[in-house]
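Biologist: I am new to reading structures, and I would like a close look at one part of this one. Could you walk me through it slowly?

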Amino acid sequence: MENSVTPTHCPYCALQCGMNLTPAPGGGVEVTERADFPVNRGALCGKGRTAPALLSSRVRLTSPLVRRAGVLEPATWDEALERIAGGFSRIRAEHGPDACAVFGGGGLTNEKAYALGKFARVVLGTSQIDYNGRFCMSSAAAAGIKAFGLDRGLPFPLEDIPRTGCVILVGSNLAETMPPALRYLTELRANGGKLIVIDPRRTRTAEQADLHLAPRPGTDLALALGLLHLVVAEGRTDEEYIRDRTRGWEEARAAAMAHWPEQVERITGVSVPQLRETVRMFCEPSTAMVLTARGPEQQSKGTDTVGAWINLCLATGRAGRPLSGYGCLTGQGNGQGGREHGQKADQLPGYRKLTDPAARRHVAEVWGVDPDSLPGPGRSAYELLDALGTDIRSLLLMGSNPVVSAPRAAHVEERLKSLDLLVVADVVLSETAALADVVLPVTQWAEETGTTTNLEGRVLLRRRAVSPPDGVRSDLDVLHELADRLGVEKGFPTDPEEVFEELRRASAGGPADYSGITYRRLAEEAGVFWPCPARPAHDDAPGTPRLFLDRFATDDGRANFVAVAHRPIAEEPDAEYPVLLTTGRVVAQYQSGAQTRRVDELNTAAPGPFVEMHPRLAERLGALDGDTVAVVSRRGRALAPARVTTAIRPDTVFMPFHWPGEGRANTLTNPALDPTSRMPEFKACAVRVETVGPPAPGVGAVPH
């Protein structure tokens with residue numbers, strides 16, 4: 001332990017809860033309360049509390065691995081790095097720079113995400129870079145940019161939520177996905193505010209609601225349009241706000257009026273009286289918010305769906321005003337910062353567009369390269385994975401596990417196996433790392449310093465508390481060494497603060513401007529909200545906790561309505577596949593489970609996958625609670641025990657997506673893409689369910 005108490009942040013979700021790391025009796029560290037951090041005020045979920053378990057050498061990688069004669073074996077760092085550099089050099093020479101690809105992660109620090117994007121474009125010269133955050137927040141980001149001119153998950157701090165009059169929470173089960181945030185909703189209700197939860201399942205979050213709507217998966221767009229129809233019909237629009245602060249209302253209004261309540265009831269299964277009650281609860285108080293998460297976003301029409309919910313806020317004057325607005329509950333630990341600084345296919349640091357000549361000139365000057373040398377936009381995440389082994393021959397992957405997390409996962413697994421060179425840098429031997437030609441053991445949260453940006457747009461400093469095991473290096477070290485071996489000797493420092501200083505310069509003047517943020521400020525303050533432009537001769541440039549109060553980030557300062565219409569999901573149920581599958585998380589596991597499945601306490605709480613189904617469906621199948629069932633889609637088959645409950649719609653089954661093997665939910669999911677965000681349709685696909693037999697111990701489990 002390098003300090004007796006190290007204030008830092010959780011390695012998991014986008015709350016980035018504050019915690020202290022202190023020496024543990026018998027060695028190592030333990031998590032203790034950090035009550036002064038405003039986001040969680042000391043509260044932690046089981047994942048955060050048990051995070052130090054992953055620091056153990058028992059569960060993590062401590063040596064590079066190189067595949068020899070088909071088997072991964074320990075190797076020296078020099079051997080591993082030379083093999084990688086040699087492979088990239090050969091493939092570039094034979095097939096061109098776009099034959100080399102890079103895939104990042106929403107858990108990487110801002111410094112790593114920035115350096116990874118720079119490495120792809122400057123060292124490899126490839127356009128083929130994207131990251132797993134494409135699977136999380138991209139639809140909300142695209143809709144926010146269309147409407148407001150800017151994407152920041154929450155345009156206000158979490159502390160505003162308990163003080164608003166009503167919250168509509170669409171497709172979020174935050175009681176399980178980010179438990180410390182539930183207090184904001186309980187405080188909302190204690191203050192007299194109303195909570196409306198929209199989810200096809202009666203989740204732990206829905207149980208807290210004043211009103212729970214359970215629409216058919218994939219119909220959130222119709223639901224939002226039906227609500228806006230009623231707002232107009234009942235005379236609840238804010239005409240002065242619409243006139244002064246928006247544009248495009250007439251077209252959006254006409255589109256909504258084509259979705260009359262009885263039609264919306266037939267599409268969604270939500271009754272007209274429930275629709276009217278939702279409008280009343282949302283419109284009667286003077287302030288209100290709509291918060292979305294993966295439910296409405298992970299659809300092939302996710303951008304339009306979020307746009308429809310934003311339209312509801314704009315029509316009622318609920319955006320860009322105190323204690324009101326639209327917000328996205330970003331999921332991954334650095335899902336916000338990870339999409340701002342260059343690891344997306346179409347983006348440069350500071351949330352700049354790769355196609356903008358001025359942006360290219362600015363960033364190229366910071367990087368010391370010719371703007372014309374920077375490649376253009378590349379493929380989105382799923383499209384990149386789908387192209388592996390064809391014109392993409394090699395892949396450097398950091399902080400992601402697509403064998404478990406990607407849609408149509410069995411196909412993605414085969415594409416990964418077809419590569420000439422697969423390089424994975426990770427803390428653990430994930431399912432994806434197990435396929436690699438070279439695996440690099442890298443440092444994790446408590447072993448390194450770096451910044452993250454939470455779901456509020458609050459930039460935070462994670463501090464190094466312990467030294468990594470011998471044989472483990474940081475991702476910044478990896479990029480530095482590879483750049484050097486590939487002929488770029490400068491520009492890839494290993495010190496995270498030095499990287500952040502360059503990031504500040506690269507982001508200056510961009511939508512996500514970090515130029516006024518320093519490590520010193522982050523160490524002294526409870527985070528700084530971007531945008532935070534530097535002020536000449538000042539080192540205390542104010543951040544921006546609340547966006548859009550004076551104007552939106554569009555050319556004329558007005559928000560844009562977007563006219564949208566309901567359309568079906570890409571794959572509707574039919575006679576062969578008559579049931580809808582939706583997917584999500586459970587409280588004790590996280591994302592692909594690569595980390596949490598290695599923590600004994602969390603595995604005890606959530607040991608494996610399951611198929612949640614309604615008693616009527618179970619009766620029709622002849623399945624009992626605990627029986628093994630098969631869920632079959634056009635893409636594959638998964639096995640897991642049945643969990644029979646009235647908390648889900650009779651036409652829908654639910655599977656958590658944290659496990660590999662026979663119980664892998666993403667074997668089934670549909671990679672149909674949103675035309676704007678390129679988000680796959682994780683949240684709704686057609687399946688059939690078959691009874692296999694009595695409980696089978698260990699179905700879906702994975703050794704660790």
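Which residues does Leu-440 touch, not counting residues up to four places away in sequence?

Modeller: Happy to help! This is a predicted model, in which local features need pLDDT of at least 70 and side-chain atom pairs count only at pLDDT 80 or more, while totals for chains, interfaces and linings use all residues. Residues are numbered from 1 along each chain as its sequence is written, and side-chain values use heavy atoms, with hydrogens and water left out.

Now to your residue. Leaving out residues up to four places away in sequence, Leu-440 touches Pro-64, Trp-77, Ala-80, Ile-84, Val-423, Val-424, Ala-425, Asp-426 and Val-478. Touching, or contact, means heavy atoms within 4.5 Å.

Leu-440 is also one of the residues with the most contacts inside the largest nonpolar core, alongside Phe-119, Phe-148, Ile-168, Trp-309 and Tyr-326. That core has 114 residues. A nonpolar core is a set of buried Ala, Val, Leu, Ile, Met, Phe, Trp, Tyr and Cys residues joined through side-chain atoms within 4.5 Å. Buried means under 20% relative accessible area, exposed means over 50%, and partly exposed is in between, using a 1.4 Å probe and protein chains only. Helix 7 (residues 220–233) gives the largest share of this core, nine residues. Helices (H or I, at least four residues) and strands (E, at least two) are DSSP runs, numbered from the N terminus. There is also a second, separate core of 54 residues, which includes Ala-14, Leu-154, Leu-174 and Ala-606.

Let us step back to the whole chain. Its secondary structure comes to 23 helices and 30 strands, and 65% of its 704 residues count as buried. Among contacts between residues at least 6 apart in sequence, 73% join residues at least 24 apart.

Thr-303 gives you another example to look at. This residue lies in helix 13 (residues 302–315) and counts as buried because its relative accessibility is 3%. Setting aside neighbours within four places in sequence, Thr-303 is in contact with Ser-139, Ala-142, Ala-143, Lys-146, Asp-674, Thr-676 and Ser-677.

For contrast, look at Arg-408. It sits in the loop between helix 17 (402–405) and helix 18 (409–417), and at 31% relative accessibility it counts as partly exposed. Its phi is near 50°, a positive value in a residue other than glycine.
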